[in-house]
Amino acid sequence: MQKGASIDGSLAFATDGPPAGLSLSEGFPVELLQEIFSYCVDSYSHMPPTVRLVRLCVQPQWIPITYVCRYWRTISLNHHTLWTSISPNLSTTWIKAFMERSYPLPVDVYLFLDDPFFHRSKPYECPSVNDAITLFAGCTRMCSLRLSGRSDAVFTVLAALRAPAPVTSLVICISGQCPEPLLLPEGIFNGRAPIRHLDLVARLYIVAPSWLLQGVTSFTTAEQIPLHALLAALRQMAALTHLKLLNCRASWELDITAPTNDLVPLPHLEVLTVRAHDPRYFALLCCSIARPPGVVLQQELAIKVTPILISWTPWLAAVRMLADAAGGMKNMRITGSKEQGTLCAWTGDTSTPDLNAQLHFAMKWDLPPSPRSMATYFPVASEPVSIQAAHFHWVGRLCGAIGAKAARRFALNKLDPACAELPWAHWSRLLEQLPGVVELELDTGTESILRSAWMKDRAAAAVLPALQSVRVVSPDEQTTHAHVSHSDLIGLLQGRAAQLSVPGSIAVASSADDVK
């Protein structure tokens, strides 16, 4: 049985009885059955979160394996590892059974405490605060703990956890509004838990005791935390290697140009990831910490309205400085459509995968279908920006702001066919931001972008003057729009080389050639 596979088929087989000559009670060694049962448990964790919510019930998903035969039931009931993961769907009765049958192994505990969503969604039975305290107050076997619910319920349980425990991972998710910062109890786990992974989610923010932060190596915060509070917490995490700031909308109004003489030292930091709607959080955080050489910096922007880039000027300038320090944004890629798409830019040579780069910048947009024209903010003298092109027109200016002139490779992958029909001014202005590009990658059907950008009576010679190779990639699905043929593309590129007085011709490859 493959890891993550459903056990429905094996259950159907069991109810019909074993095939002739095979005895379920004698045909499989205990160790093999234990391994199979462990895979059945893992199948739950491999489901997408939405599927897991739909399939939740008050008993373990894998419990039907205990109904196959007495031999299987005996093995599963006495296989301690099978009972070490307490998931939030379990009723109090089942949690007690898990605690008993997992002994003496460490347990992973994940609880929803009086969560309103689960109270409305029967048959889910969240344990009460008193039940959770009774079950876990004296537990010394927890190796990970995740609590989700209202702040009063979660913090009442945390305050009762006074016994030392080998907890290495702590996740706290607070639902509902918080009028003021939440203080994590100083005496949690009696101050003796080797916590290495800490995740905090709250509408405001949570303040953890100093002893708890000192050993943390991975910290993820999805809180509305002010910069000064975040830096105060980071100052106590000398061992930190991975830092994630997610969906923060707190007011960070510091002047990025002001000299900072009190940087937070993070000597072991390896990866810094910021996911937000505004580049200020990434820029200010990077400028507030002392990072060792080679730290991987990842900025992930997500917007639902057309950005006004003028307001982002100082933050994008900071991103560009970081990129220049890492050798420049050598790679750029655009995917999607005018309404939903992604721009990725990263450092390193043209063979560097984006997520392995020292600096990775990604911006995802999910815009309404009928936006306000961007001509109000960025008018184009030669041709006004239409409503159709308004979604996409700012992308070229964003590329320029983060250092597109350093790019050597540019890809248009999985692009909406409608993007190839945008006005010529859009593509020429975008490609004018990429004078250093030597490698271009296009989907089949979007080669007409080059013809549009290189129209002799409109486009300047500055559009992709350094281009040396073009790779045409076949999309996953068939397209029905008109496009430039492969032979026409070769002729177009050869003519372009002659126009620029470039010796030889521009190399063209298809995905079948697997040549760049």
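**Exercise 1. Proline 127**

Classify proline 127 as buried or exposed and place it in the chain.

Solution. Proline 127 has a relative accessibility of 1%, so it counts as buried (buried means under 20% relative accessible area, exposed over 50%, partly exposed in between, with a 1.4 Å probe and protein chains only). The model is a predicted one, in which local features need pLDDT of at least 70 and side-chain atom pairs count only at pLDDT 80 or more, while totals for chains, interfaces and linings use all residues. Residues are numbered from 1 along each chain as its sequence is written, and side-chain values use heavy atoms, with hydrogens and water left out. Next comes the position: proline 127 sits in the loop between helix H6 (116–119) and H7 (helices are DSSP runs of H or I with at least four residues, strands are runs of E with at least two, and both are numbered from the N terminus). In space, the C-alpha of proline 127 is 7.7 Å from that of leucine 111, and the two are 16 residues apart in sequence.

**Exercise 2. The chain as a whole**

State how many helices and strands the protein chain has, and what share of its residues is buried.

Solution. The protein chain holds 16 helices and 20 strands. Of its 516 residues, 49% count as buried. Now take the contacts between residues at least 6 apart in sequence: 70% of them join residues at least 24 apart (contact means heavy atoms within 4.5 Å).

**Exercise 3. Packing of H5 and H7**

Describe how helix H5 and helix H7 pack, and which residues meet.

Solution. H5 covers residues 92–102 and H7 covers residues 129–136; their axes are 11 Å apart, at an angle of about 10°. H5 is therefore roughly parallel to H7 (angles under 35 degrees count as roughly parallel, over 145 as roughly antiparallel, 65 to 115 as roughly perpendicular and the rest as oblique). The axes are lines fitted to C-alpha atoms, for helices over the stretch in contact, and angles run from 0 to 180 degrees between N-to-C directions. On the H5 side the residues are Thr92, Ile95, Lys96 and Met99, and they meet Asp131, Leu135 and Phe136 of H7. Sorted by class, this contact has four nonpolar, one polar and two charged residues.

**Exercise 4. Isoleucine 86 in strand S1**

Locate isoleucine 86 and list its contacts beyond four places in sequence.

Solution. Isoleucine 86 belongs to strand S1, residues 85–86. Its relative accessibility is 1%, so isoleucine 86 is buried. Leaving aside neighbours within four places, isoleucine 86 is in contact with Ile95, Phe98, Met99, Asp108, Val109, Tyr110, Leu111 and Phe136. As a C-alpha distance, isoleucine 86 and valine 107 are 7.4 Å apart, with their positions 21 residues apart in sequence.

**Exercise 5. Backbone geometry in two loops**

Which peptide bond is cis, and what is the phi of phenylalanine 189 and of asparagine 190?

Solution. The cis peptide bond joins tyrosine 103 and proline 104, with omega about 10°. Proline 104 is in the loop between H5 and strand S2 (107–113). Phenylalanine 189, though not a glycine, has a positive phi of about 55°; asparagine 190 also has a positive phi, near 60°. The loop that holds phenylalanine 189 runs between strand S5 (182–183) and strand S6 (197–202), and asparagine 190 lies in the loop between S5 and S6. For accessibility, phenylalanine 189 is buried at 0%, whereas asparagine 190 is partly exposed at 42%.

**Exercise 6. H10 and the nonpolar core**

Explain why helix H10 is described as largely enclosed, and name residues with the most contacts in the largest nonpolar core.

Solution. H10 spans residues 227–234, and six of its eight residues are buried, so the rest of the structure largely encloses this helix. The buried residues are Leu227, Ala229, Leu230, Leu231, Ala233 and Leu234. They pack against H9, strand S8 (218–223), strand S9 (242–246), strand S10 (264–265), helix H11 (280–286) and strand S12 (289–290). Within H9 (residues 210–213) is leucine 213, whose contacts beyond four places are Leu198, Ala208, Ala233, Gln236 and Met237. The largest nonpolar core has 131 residues, and those with the most contacts inside it are Leu234 and Leu285 (such a core is a set of buried Ala, Val, Leu, Ile, Met, Phe, Trp, Tyr and Cys residues joined through side-chain atoms within 4.5 Å).

Conventions. Ala, Val, Leu, Ile, Met, Phe, Trp, Tyr, Cys and Pro count as nonpolar, Asp, Glu, Lys and Arg as charged, and the others, Gly among them, as polar.
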